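Please look through the structure below, beginning with one of its sheets and the helices beside it, and ending with the chain as a whole.

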Amino acid sequence: MMHWRPKIVSAVFSGLLVLVFAGCSDNPVTGERELSLVSTAAEIDIGERYYLPLQQSGNGLYTVDPALTGYVAEVGQRVAAVSDRSLPYEFVVLNTSIPNAWALPGGKIAITRGLLVEIESEAELAAVLGHEVVHAAARHGTHSMQRGILGQLILLAAAGAVSDPGDADILLGAGGVGLHLFEQNYSREAERDADYFGMKYMHAAGYDTAAAVTLQEKFVALNRGREPGWLDGLFASHPPSSERVRNNRAALADFPRGGDQGRSTYMQRIAYLKARRGAYEKADDAQQLLDDDPGTALQAIESAIRQEPKEPLFYGIKGKILSRQRRHQAAIRAFDEAIRRNTGYYEHYLGRGLAYDHLGQRTRARQDLERSSNLLPTAEASFSLAGIALDEGDRVKAKQLYLTVSRARGELGREAREAYVKLDLVDFPGRYVTADIYFDENQVVLKVANSTAHELKDIMVEIETIVNGVPGRPRLREVARVRARSFEVVETGISFREEDAVEVKTRIIRARPTT
């Protein structure tokens with residue numbers, strides 16, 4: 001039963017109210033009074049900390065056409081220059097066909113290659129980037145973080161207000177699920193503000209605000225048609241709707257149409273990428289076929305490479321396909337080509353490191369896997385590094401890595417948990433094996449239980465007896481095998497008289513997995 005302590009609850013929530021009122025300020029974009037627990041310096045730090053990892057997880061940067069990336073940044077800075085908040089705005093292009101754009105706290109903004117090929121004018125690009133600038137300037141991402149922070153504080157308050165520690169564990173375990181400190185999905189109000197003030201920024205920067213309306217109309221049509229890929233990207237975090245189209249049309253009264261459309265300029269800048277759209281479609285096909293039909297996938301990626309031999313991503317995909325076919329030397333050569341063209345993307349190092357590992361070239365494998373982890377820590381790299389550390393006799397490092405990977409979902413997480421238990425079992429057998437005693441006709445009997453998913457052998461139990469207050473000499477009892485999640489009952493050979501006062505203590509000295 002849960003017992004609440006009203007005085008503690010009152011004190012904690014009073015403290016939260018003080019925190020809320022002390023952290024109120026005016027929103028720099030809307031001017032509305034709001035809660036502000038995160039400073040500007042902290043926002044900038046958050047953005048800088050997560051910008052590179054999110055770029056890595058988004059397929060890395062598009063590097064084939066640096067002029068296009070520079071152009072996108074110019075348009076973004078032109079819009080950001082008229083925003084209501086001065087931040088170190090930065091704009092990059094991600095190398096994925098999934099159309100998307102996002103903003104981190106502190107002004108770190110990304111747009112994907114897949115969205116750029118759908119846009120038809122510089123004004124439409126300004127509409128997308130202006131929308132993201134508002135998200136950063138208006139602290140929308142930070143607001144999501146604050147909701148998570150307050151949620152955690154309330155959970156901690158509740159945990160401190162129950163008298164049973166077990167009840168607190170239940171509260172924290174159940175309530176903490178889904179409370180993320182940062183969410184990319186914005187509220188309906190935040191999306192409405194980003195649309196409206198994004199048009200304000202477009203207008204101030206000299207762009208035709210009508211592009212914000214036509215862009216939303218296009219998104220609604222694409223959403224209705226449910227074109228492949230769109231729902232996975234932009235529409236997941238910025239869902240289009242007829243309401244948003246109507247709102248943008250109404251906003252034209254405040255920010256009249258006219259100004260720069262920049263259609264011809266944009267088409268010139270995007271021409272190189274659009275001309276190679278077929279190559280990226282072939283690469284996407286290869287990715288989808290990789291598991292089920294690697295032979296056809298290889299043909300598709302070879303076609304993509306012929307159409308665009310400068311794209312490092314294509315060689316990385318080729319390396320993954322060759323690895324799947326167990327052609328590890330050829331895979332390494334493909335990853336070499338990918339890395340030569342782009343030294344800053346984690347997946348190329350990961351793929352090459354795994355290929356080296358399969359060939360038993362541990363030193364090269366470790367170098368690549370560590371480089372991959374420095375760019376973006378992944379369960380796959382850490383799992384392989386744990387195996388290398390174990391082969392090199394570094395059990396401590398192997399255990400640390402397996403423990404980290406054990407928190408991952410899926411098969412790899414399960415394998416890491418099993419590997420960790422096997423190592424930890426040898427170091428701390430008492431965590432996994434228990435030896436309870438009971439008395440059977442003046443004989444001391446052991447019940448040795450194995451809580452692991454592995455059959456165990458060579459289990460050594462130390463037994464210490466105290467009879468009538470006199471400690472006896474510790475004895476050792478070996479148990480040959482105990483099945484997974486089972487137990488064995490064994491005699492100890494220790495007997496006593498019925499009138500004796502007997503105390504028995506046990507300690508697990510050793511246990512080993514059979515495999």
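In this predicted model, three strands form an open sheet in the order β3-β5-β4, and their pairing is mixed. The edges are taken by β3, residues 90-94, and β4, residues 101-104, each of which pairs on one side only. From one strand to the next, the twist averages 20 degrees.

The pairing of β4 with β5 can be followed in detail. Strand β5 covers residues 108-112, runs antiparallel to β4 and is joined to β4 by four bridges. Across this pair, Ala101 stands opposite Ile111 of β5.

Two helices can be placed against these strands. Helix α2, residues 40-57, packs on the sheet and touches β3, β4 and β5. The direction of α2 makes about 150 degrees with that of β4. Helix α5, residues 122-137, also lies across β3, β4 and β5, but α5 runs at about 25 degrees to β4. Both angles take the N-to-C direction into account, on a scale from 0 to 180 degrees.

The sheet and these helices belong to a protein chain with 21 helices and twelve strands. Of the 515 residues in the chain, 47% are buried, that is, under 20% relative accessible area. Contacts within the chain can be sorted by separation in sequence: among those between residues at least 6 apart, 66% join residues at least 24 apart. The accessible surface of the chain comes to about 25000 Å², and carbon and sulfur atoms account for 51% of that area.

Notes
Residues numbered from 1 in each chain as written. Predicted model: local features only at pLDDT ≥ 70, side-chain atom pairs only at ≥ 80, totals over all residues. Heavy atoms only, no water. Pairing = 2+ DSSP bridges. Contact = heavy atoms within 4.5 Å. Buried < 20%, exposed > 50% of the residue type's maximum accessible area, 1.4 Å probe, protein only. Areas by Shrake-Rupley, 256 points an atom, 1.4 Å probe, with all protein chains shown as cover.
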